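Student: I'd like a close look at one part of this protein, with its surroundings filled in as you go. Please start from a single pairing and work outwards.

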Amino acid sequence: MADDYRAQGVPFLIFSHNIDDTAPLVRQRASQWRQAAGVPPGTGATLPLVLVNGGRETAQGAHADFRKTYSQMMTAAGASPPTADVSARWRTIDDQSVRVTVTVTNTGEAAFDPFEGGNDARVLLFAVERAIVIHLKYYANHNQILELPDVLKPGQAVTLEATVPARASAMRRTDLVAVLEYVKDDGKWDVAQGAMAVPDAPAAPPTPTPVPTVVAAPEPTNPAPAAYRILLPVAHNGGA
């Protein structure tokens, strides 16, 4: 199903990560599904646990027709227009890490407020490797939260940077995914927009300074006559 959506160019990215991971992002997402499902804190989930749109749409356990169930969740997620524009680029730092630059522009009507009393807006960054883990071909082997430095008002933009532990040799099979999440007025999480990072264009080599080439003039076949200064006589009246 993940391959089908990618092949069709549908703007959904399907991947998995370990719900037992102790990383702050994963622990928070576990609470997000409980909030969306309306179950008490600490309630366990039946795997597979599926979250769409930041946990706004959830499902758990096996489904006889999982394609239908998950497609309905994605259709619901795509019903609302994006409220932000997200772009991301990455460049290699060394053999073990890459640098990711994420730019977020608020295209909606409400501010993204990361502070207490706001809407908990933050950028999530995933390193999704094309590797079969359990049943899926795409697995997030790294995730982290990028905090917004200030309130992002409508029309404003901010650029964030982060270092991701990813081997340079693995980038051929890895997608770096940046997602802006926030809590809507109804108290549920939502995705404003997301994007896959593209590699920075390699720096162009310096343009070499051209070296002037001196070419000897060919010997003329019929040499031109030597130039002479021409003296004109002065006419005057009278004489000796």
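Which residue in β4 is the bridge partner of Thr92?

Tutor: Happy to take you through it, and please keep in mind that this is a predicted model. The residue you want is Val98, the bridge partner of Thr92 in β4. That pairing belongs to a longer run, since β3 and β4 pair in the antiparallel sense over 10 bridges.

Now step back to the sheet around them. β3 and β4 are part of an open sheet of four strands, ordered β7-β4-β3-β10, with mixed pairing. The edges are taken by β7 and β10 (198–199), each of which has a single partner strand, so one side of each is left without a neighbour in the sheet. For orientation along the chain, there are three helices and 10 strands, and the pattern in sequence is α-α-β-β-α-β-β-β-β-β-β-β-β.

Stay with β4 a little longer, because in a regular strand the side chains alternate between the two faces of the sheet. Thr101 is a good residue to begin with in β4. Its relative accessibility is 18%, so Thr101 counts as buried, the cut-off being under 20%. The Thr101 side chain makes a polar contact with the side chain of Glu161, at 3.0 Å. Beyond its neighbours within four places in sequence, Thr101 is in contact with Ser87, Ala88, Arg89, Arg91, Thr159, Leu160 and Glu161.

Val104 gives you another set of neighbours. Setting aside residues up to four places away in sequence, Val104 touches Ala84, Asp85, Val86, Val123, Leu152, Gln156, Ala157, Val158 and Leu180. Val104 is also named in the largest nonpolar core, which has 29 residues; Val102, Val104, Phe112, Val123 and Leu176 are those with the most contacts inside it. Several strands build this core: β3 (84–94), β4 (97–106), β5 (122–133), β7 (157–164), β8 (174–183) and β9 (189–196) each supply at least two of its residues. A second core, separate from that one, has 19 residues, including Leu25, Met73, Tyr138 and Val179.

From the cores, it is natural to move on to β8. In β8, 10 of its 10 residues are buried. The cover is on both faces: Thr174, Leu176, Ala178, Leu180 and Tyr182 are buried on one side, and Asp175, Val177, Val179, Glu181 and Val183 on the other. β8 pairs with β5 in the antiparallel sense over eight bridges, and Leu125 stands opposite Ala178 in that strand. β8 is also joined to β9 by seven bridges, again running antiparallel, with Val183 opposite Trp189 in β9. β8 and β9 form a hairpin with five residues between them, and Gly187 in the turn has a positive phi of about 90 degrees.

Charged side chains add some further links here. As a rule, side chains of opposite charge can pair when their charged atoms come close. The count of salt bridges in this model comes to seven. One of them joins Arg56 to Asp186, with the closest N and O atoms 2.2 Å apart. Arg56 lies in the loop between β1 (49–52) and β2 (57–60), while Asp186 lies in the loop between β8 and β9, so this pair ties together parts that are 130 residues apart in sequence. Both partners are partly exposed, Arg56 with a relative accessible area of 21% and Asp186 with 45%.

Another salt bridge brings you back to β8: the side chains of Arg122 and Glu181 meet at 3.5 Å, N to O. Here, too, distant parts of the chain are linked, as Arg122 is in β5 and Glu181 is in β8, 59 residues apart. Arg122 counts as buried at 4% relative accessibility, and so does Glu181 at 2%. Asp190 and Lys184 form a further salt bridge, their closest N and O atoms being 3.3 Å apart. In that pair, Asp190 is buried at 4% relative accessibility, whereas Lys184 is partly exposed at 27%.

Finally, here is the setting for the whole chain. Buried residues make up 33% of its 240 residues. Of the contacts between residues at least 6 apart in sequence, 58% join residues at least 24 apart. The accessible surface comes to about 15300 Å², with 55% of it belonging to carbon and sulfur atoms.

How values were computed
Residues are numbered from 1 along each chain as its sequence is written. This is a predicted model: local features need pLDDT of at least 70, side-chain atom pairs count only at pLDDT 80 or more; totals for chains, interfaces and linings use all residues. Side-chain values use heavy atoms; hydrogens and water are left out. A nonpolar core is a set of buried Ala, Val, Leu, Ile, Met, Phe, Trp, Tyr and Cys residues joined through side-chain atoms within 4.5 Å. Buried means under 20% relative accessible area, exposed over 50%, partly exposed in between (1.4 Å probe, protein chains only). Contact means heavy atoms within 4.5 Å. Two strands pair if DSSP finds at least two bridges between them. A salt bridge is a side-chain nitrogen of Lys or Arg within 4 Å of a carboxyl oxygen of Asp or Glu. Accessible areas come from the Shrake-Rupley method with a 1.4 Å probe; for residues, only the protein chains shown count as cover. A polar contact is a pair of N or O atoms within 3.5 Å; within protein, one must be able to donate a hydrogen and the other to accept it, and residues adjacent in sequence count only if both atoms are side-chain atoms.
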